[in-house]
Amino acid sequence: MSILLNISGLVIDFDTRFPDYVTKRCANYVVAEGKADLHLRATDENIRLANRDNVGVEEAELYAMTIPLSDEMPAMGRIMTHGVAISCDNKGFIFTAESGVGKSTHAFLWQKYLGEERVHVINGDKPILWFRDGDIFACGSPWSGKEHLDENVSVPLRGICLLHRLGGKVDRPCIYRATKEETLDFFLHQIFVPSNPMSKLKTLQMVEELYDKVPVYQLYTDISKEGVMVSSKIIN
């Protein structure tokens, strides 16, 4: 059965085996009608790969959809990344890191110390970056991690933090601008690079544009208020 989803401004006709589950899980993104920009169906192989952590076949099908979607989006000015996207004062920020470093924890600390009225989690796992009208927007998506924290919104992206735990020579929270080389090396491990050669080239071009337009920071932090006060300097 086909279900229409509006994700980052794209209308996606998703041919799903589990319409009731998708309708409930993607309630913020379901639209009743519209001209589809993409027609997608997850393959059995992609579902099998997505279910390696035994999330269940329904959730696995939803996540398997990201594989063909990631191949198609670059041609439409969008890339999917791995991180936690938040909105603070209607400005978008992304915390990205390897799994388990504390992206979600740092986002929750922003909410705790800066206020939930100011800070909203747009997406807890796979936000979409939309390159539009010379600006870059952080967008919600239904692929939002085990907490299912997401909003179907897009906000101008104003900063990216490459998150690291304290340790070794760095024993106090600190933040500094990342070099282009650091950004490309780190970020290319945290985005979905398409298999299609033309889409891959377009993705690399957008990552270059991302660095030129959005400040990228190396952030060393812990779960303290001091860590939030240090990282939140990027808001201004």
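Let me begin with helix 6, where the face turned away from the buried side carries the exposed residues E181 and D185. Please keep in mind throughout that what we are looking at is a predicted model.

On the other side of this helix, which spans residues 180-187, the buried residues are T183, F186 and F187. If you look down the axis of helix 6, these buried residues fall within an arc of 85°, and so they line one face of the helix. For those who are new to helices, an α-helix has 3.6 residues a turn, so residues three or four places apart point the same way.

What do the buried residues of helix 6 pack against? Their partners are strand 6 (91-96), strand 8 (128-132), strand 10 (154-165) and strand 12 (216-221), together with helix 7 (197-213).

Let me turn now to the open spaces. The largest pocket holds about 790 Å³ of space, and of the 25 residues lining this pocket, D53, Y63, D125, K126 and G145 are the closest to its centre. Helix 2, helix 3, helix 4 and helix 5 each supply at least two residues of that lining, with the largest share, three residues, coming from helix 5. By character, the lining divides into seven nonpolar, 10 polar and eight charged residues.

The second largest pocket has a volume of about 180 Å³, and its lining includes D125 and K126, along with H82, S99 and the residues H189, Q190, I191 and F192.

Finally, there is one cavity of 30 Å³ or more, and among the residues that line this cavity are V84, F108 and E147; its lining comprises four nonpolar, three polar and one charged residue.

Conventions. Residues are numbered from 1 along each chain as its sequence is written. This is a predicted model: local features need pLDDT of at least 70, side-chain atom pairs count only at pLDDT 80 or more; totals for chains, interfaces and linings use all residues. Side-chain values use heavy atoms; hydrogens and water are left out. Buried means under 20% relative accessible area, exposed over 50%, partly exposed in between (1.4 Å probe, protein chains only). Helices (H or I, at least four residues) and strands (E, at least two) are DSSP runs, numbered from the N terminus. The arc is that of the directions from the helix axis to the C-beta atoms. Contact means heavy atoms within 4.5 Å. On a 1 Å grid over the protein atoms alone, a cavity is a set of points where a 1.4 Å probe fits but cannot get out, and a pocket is an open set with protein on both sides within 12 Å along at least five of seven lines; lining residues have an atom within 4 Å of a point. Grid points are joined across faces, edges and corners, and a volume is the space filled by probe spheres set on the points. Ala, Val, Leu, Ile, Met, Phe, Trp, Tyr, Cys and Pro count as nonpolar, Asp, Glu, Lys and Arg as charged, and the others, Gly among them, as polar.
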